[in-house]
Amino acid sequence: MAAIYTVWYNFIKMHKTLKMTPAMAAGMSKTLWSMDDLCGKMDKVAPKHGPRGHYKKRPTDERSFSNRISNRPDLLCSPSIAP
């Protein structure tokens, strides 16, 4: 979020004292950007998402968490500890 604000402040926002953007004053840009320009540049460098794979359920076996807990009654209800 801070990076988007920095680009907006330096490339899109027109400053009253400079009468241009700081990027234009520094010679980094020759034109005033718009938010559409910024979004277009962000979309261009964003990774393209491919199709998602199928969801596969893991087989339940004796190593599953619920089976480990149910086989250990001492974990289900702990006795009170006397000092």
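These legends go with a set of views of a predicted model.

**View 1. The whole chain is built from helices, with five of them and zero strands.** Reading along the sequence gives the pattern α-α-α-α-α. Of the 83 residues in the protein, buried ones make up just 11%. The protein exposes about 8000 Å², and carbon and sulfur atoms supply 61% of that area. As for contacts between residues at least 6 apart in sequence, 15% join residues at least 24 apart.

**View 2. A nonpolar patch sits on the surface, made of Tyr5, Trp8, Tyr9 and Met35.** Together these four side chains' residues offer about 390 Å² of accessible area. Which helix gives the most to the nonpolar patch? That's helix H1, residues 2-12, which puts in three residues.

**View 3. Here we zoom in on Tyr9, a residue of helix H1.** Tyr9 has 33% relative accessibility, so it counts as partly exposed; the range for that label runs between 20% and 50%. Tyr9 is also one of the members of the nonpolar patch, and it turns up again in the next view as one of the residues touched by His15.

**View 4. His15 lies in the loop between H1 and helix H2 (22-25).** Is His15 buried or exposed? With 10% relative accessibility, His15 counts as buried, because the cut-off for that label is under 20%. Leaving aside residues up to four places away in sequence, His15 touches Tyr9, Met20, Thr21 and Pro22.

Conventions:
Residues numbered from 1 in each chain as written. Predicted model: local features only at pLDDT ≥ 70, side-chain atom pairs only at ≥ 80, totals over all residues. Heavy atoms only, no water. Patch = residues over 30% accessible without salt bridge, like charges linked within 9 Å, V, L, I, M, F, W, Y side chains within 5 Å. Areas by Shrake-Rupley, 256 points an atom, 1.4 Å probe, with all protein chains shown as cover. Helix = DSSP H or I, 4+ residues; strand = E, 2+ residues; numbered from the N terminus. Buried < 20%, exposed > 50% of the residue type's maximum accessible area, 1.4 Å probe, protein only. Contact = heavy atoms within 4.5 Å.
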